[in-house]
Amino acid sequence: MKKSNFHFVRQINEISVLRIIRDEGPISRSDVARKMGVSKVIIGGIVKRLLETNILFEIGKGDSTFQGGRRPVMLEFNADAGLAIGIEVHLHRATILVTNMNAETLHEGTVNFSDNSNPSLILERIVKTIERLVGDKEKLKSILGVGLALPGLIDYQNGSILSSHSLKSWEGFHIKAFLEDALDTKVYIENDVKTITLGEYHWGAGQDARNVIYIWLGEGIGAGIIINGDIYRGISASAGEVGYTEISARGINRGKFPILFQDQYRFGEILTTRNLENSLQEAVNMNGRQTLLRDGEINLNNIAAAAKRMDGLAMEALAEFGQILGVLTVSVINLFNPELIILGGPVIDKCPLVLEEATLSAKEIVRIVPSESVKIRAGALKNRAGTLGAVGMVLQDLFKPPIVNLATYRSLILPE
């Protein structure tokens, strides 16, 4: 067997053993061998190596089988043997999450900055915060990697931002290389909405699905796409830019949506917090309706509070927002045929009426796909989705199922 092929198969076997013990432990060597369909001798060698690296540990003896015999030694995955770091960079702050290999939170931190024009200075502060959160130098050596969520289009080859509205001065800066040099570990970078999608897929509302579309709504609108468990980026990494979808010929007009629709051309111009706030401000100024909303104090928090108190104008605006979102959702359903649509972002988090109206609207409109085939639900992780998704980029090899079975890998091995 060629040396490279031997190492390849050994690593695949080790990953498979780790997954089984992580997901089903405590478990004996015999049960691991049975589940993998390989000999106890092979599993014994793999386990010996993994015990030496501290990724596994023995926790005592289990029960005997019904046939009697010696009680088996039980194995457990040591999630604390390695650390994963997740970072999400926003307009004026970066949130940092330190977890073990089970994505369980160990430490959290925030770096605030009023001026985001100097990426190296901000990244230096992020590195110092990570070092403070993790603690001593020995623990820093156990960092498996860092996942970084960034707003904008990503240049994956150069490890930088290709284009970003909120971090314009970061464009072209070699972020990945900077952090890898500073922390001496692997760094993964990804668009923020795609990272949030990964977070919801692994640990949130999308855990029971394989094909998921996540639509994020806030200052802008974007979508993350997961197909058969993998994030889909597209040829230029711009897949999911649903905000550019044109509104025309979709039944959206002033008569049906008198508050929010003002001849916008694309969904990204109408389904934003800014348009919601500005439209309600104009409605308050123009029509003199009785409302809890006050001139100059109209923001998403106050809109949500007014709707909770059954304010008519606020509820009508949110209903319009949800119905228009439902129209966009149907386009996404017809295009991708996913099993699950997740809606998230501050508008969904703070205004439950939007989700209700979007779901009703989508179910009424959808024709190509039976409405009961597609679930629509709110994101479960809220503002933690981005950092958890960033952690997921580091830990993905432990969460992905095996690509093919061992027999298939054996067929790849060529004689010397």
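Trainee: What makes β1 and β3 count as paired strands?

Mentor: Two strands pair if DSSP finds at least two bridges between them. In this predicted model, β1 (residues 27–28) and β3 (residues 73–77) share 2 bridges and run antiparallel, so they meet the cut-off of at least two. One contact to look at is I27, whose bridge partner in β3 is L75.

Trainee: And how do you know that β2 pairs with β3?

Mentor: Same test. Between β2 (residues 56–61) and β3 there are 4 bridges, in the antiparallel sense, and the definition asks for at least two, so that is a pair as well. Find L56 and you'll see its bridge partner in β3, F77.

Trainee: Which residues of helix α2 are buried, and why do we say they line one face?

Mentor: Within α2 (residues 29–36), the buried ones are V32, A33 and M36. Looking down the axis of α2, they fall within an arc of 100 degrees, so they line one face of the helix. Right after α2 comes G37, with a positive phi of about 75 degrees.

Trainee: Why is L335 called exposed?

Mentor: Exposed means over 50% relative accessible area. L335 has 64% relative accessibility, so it counts as exposed. You'll find L335 in helix α11 (residues 312–336).

Trainee: What makes up the nonpolar surface patch that includes L335?

Mentor: I227, Y232, L335 and F336 make it, with an area of about 380 Å². Patch residues need over 30% relative accessible area, and L335, at 64%, clears that.

Methods. Residues numbered from 1 in each chain as written. Predicted model: local features only at pLDDT ≥ 70, side-chain atom pairs only at ≥ 80, totals over all residues. Heavy atoms only, no water. Patch = residues over 30% accessible without salt bridge, like charges linked within 9 Å, V, L, I, M, F, W, Y side chains within 5 Å. Areas by Shrake-Rupley, 256 points an atom, 1.4 Å probe, with all protein chains shown as cover. Salt bridge = Lys/Arg side-chain N within 4 Å of Asp/Glu carboxyl O. Buried < 20%, exposed > 50% of the residue type's maximum accessible area, 1.4 Å probe, protein only. Arc of directions from axis to C-beta.
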